[in-house]
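Q: I would like to learn how to read aromatic rings and their surroundings in a model. Could you walk me through it?

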Amino acid sequence: MARPITLLASDASAHTGNHGVMAVVSGSSFVLVKTQDKSAPVTVNTDALAAHAHAQPIRALAFSPDGQFLATTGEDKILKVWATADGKQVSERVLEKRAVEVCVTPDNATVVVADKHGDAWAYPLRLQSGTTSTKPGDDGKIIAGHVSMVTACKLVANGTRLLTADRDEKVRVSRYPASFVVEGWLLSHSQFVAHIAPIGASETVATAGGDDWVGLWDWRSATLLARGDLRGSLGLDAAPAATKEESTTTAAAPKIAVRALVSHTDHIAAVVEGLDRVVVFRGATSGTLDLDRVVTVPAAIGQVLTAAYDAAGRLWLGGVGGLCVVDPKTHAVTAVPVSAGFGADAEVPVIADIYQYETLRKSLDFDEFGEEIGGGADAGGDEAAEEAKRAAVASKRKRQKAAKAEAKAAAKAAKEVNATATAPAATAADGDASPKAKRARI
């Protein structure tokens with residue numbers, strides 16, 4: 001039975017003979033796959049990994065730079081660290097908020113976690129005592145904060161700089177671990193930034209999210225070097241008019257949300273939400289982004305959900321219907337049978353529960369009470385759910401207006417009652433007073 005592959009993470013380091021390992025996530029479970037032989041990948045210690053599986057879908061994972069450890073976290077707000085050599089769990093702790101991304105420092109001492117509350121946390125990779133803690137935020141400390149939801153974080157420059165992106169269209173460059181020192185901002189996006197992809201060990205990174213382009217940056221000088229056109233590459237321009245009479249109009253172009261962005265040497269691959277195609281750009285190391293090719297996955301794979309490059313430059317793609325690998329030389333796409341590695345008892349993820357990056361988009365449409373109308377789900381999704389959401393917003397707005405009008409009417413009535421009660425006394429006082437006293441009161 002095919003399983004949706006929801007996340008991939010690659011370890012391209014060489015350690016303990018375990019060169020080339022891919023973490024393959026399906027819902028709340030994952031397996032480690034050796035990538036040396038793409039035709040027959042070998043699952044590593046499935047039983048050990050299954051014994052400590054997450055209770056809810058995994059949303060973020062990352063290898064340590066040397067590949068010795070793998071950090072995972074998900075909807076259950078649990079951060080787990082695993083040893084890749086034997087698959088055993090090194091530590092487990094409860095997070096304060098749900099995380100959106102994790103990364104491990106080069107010295108294997110700290111796990112940096114970005115959460116939906118707008119903060120980046122630093123946790124010791126190992127607990128001070130034991131291997132499990134149920135205290136939220138145990139041993140952790142906030143190292144960076146945004147006023148908006150943090151959507152991505154990456155350590156660059158050998159772990160001396162922290163790049164954090166948010167829903168407010170920007171990327172912040174901070175020192176690490178002194179993250180209160182902000183060195184710059186990457187400020188050309190007009191929609192949310194959901195992904196940061198470092199280009200090797202250089203001072204260049206790629207970014208993407210709700211815009212229809214991928215950005216290539218020199219993060220040290222905060223300079224946008226190039227843009228890779230996603231809309232044109234995928235042929236998603238605005239549709240022409242249906243009739244001659246409508247020739248002066250065009251249909252609205254579909255919105256784009258990038259759900260995965262990965263790099264390898266000179267290439268950058270972008271997965272666009274809802275499609276069975278992946279855009280690959282080249283020229284990253286020379287400061288340009290030229291279209292290299294558009295990869296279309298087999299029909300059985302369906303919508304692409306995630307991507308990762310292995311050490312040999314092969315592009316691994318996970319989709320609704322399974323896993324496949326793209327050969328860097330021939331561009332041939334080969335399916336990888338990995339479903340059996342999860343075991344017969346492993347829960348199969350529900351497609352409707354797969355996280356949608358389009359929900360990060362802000363509608364920029366607010367009602368008179370300052371509340372956002374529609375939100376990110378205005379592009380695609382379930383039409384009935386969208387109609388119900390719009391109706392709920394309208395109903396709430398109607399109740400608020402009615403309550404406001406009622407309060408205003410009550411205040412007016414109370415004012416009239418008070419005026420009526422005090423009017424006779426004032427009249428009597430005026431009648432008894434002399435003209436000079438009246439003028440004094442006035």
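Q: Are Phe30 and Trp82 buried or exposed?

A: Happy to start there, and do keep in mind that this is a predicted model. A residue counts as buried when its relative accessible area is under 20%. Phe30 meets that description, and Trp82 does too.

Q: How many aromatic pairs are there?

A: The general idea is to look for ring centres within 6.5 Å of each other. By this rule there are three aromatic pairs.

Q: What is the geometry of the Phe30 and Trp82 rings?

A: Planes over 60 degrees apart count as edge-to-face. The ring planes of Phe30 and Trp82 stand at 75 degrees, with centres 5.2 Å apart, so this pair is edge-to-face. It also links distant parts of the chain: Phe30 sits in strand S3 (residues 29–34) and Trp82 in strand S7 (residues 78–83), 52 residues apart.

Q: And how are the rings of Trp121 and Tyr123 arranged, going by their planes?

A: Planes under 30 degrees apart count as stacked. For Trp121 and Tyr123 the angle is 10 degrees and the centres are 5.8 Å apart, so the pair is stacked. Trp121 and Tyr123 are both buried.

Q: Which residue lies over the face of Trp213?

A: That is Arg227, at 4.0 Å from the ring centre of Trp213.

Q: Now for the whole protein: how many helices and strands does it have?

A: You will find four helices and 28 strands. The protein has 442 residues, of which 47% count as buried. Its exposed area is about 20,800 Å², with carbon and sulfur atoms supplying 54% of it.

Conventions:
Residues numbered from 1 in each chain as written. Predicted model: local features only at pLDDT ≥ 70, side-chain atom pairs only at ≥ 80, totals over all residues. Heavy atoms only, no water. Phe/Tyr/Trp six-rings, centres within 6.5 Å; stacked < 30°, edge-to-face > 60°. Helix = DSSP H or I, 4+ residues; strand = E, 2+ residues; numbered from the N terminus. Buried < 20%, exposed > 50% of the residue type's maximum accessible area, 1.4 Å probe, protein only. Lys NZ or Arg CZ within 6 Å of the ring centre and 35° of its normal. Areas by Shrake-Rupley, 256 points an atom, 1.4 Å probe, with all protein chains shown as cover.
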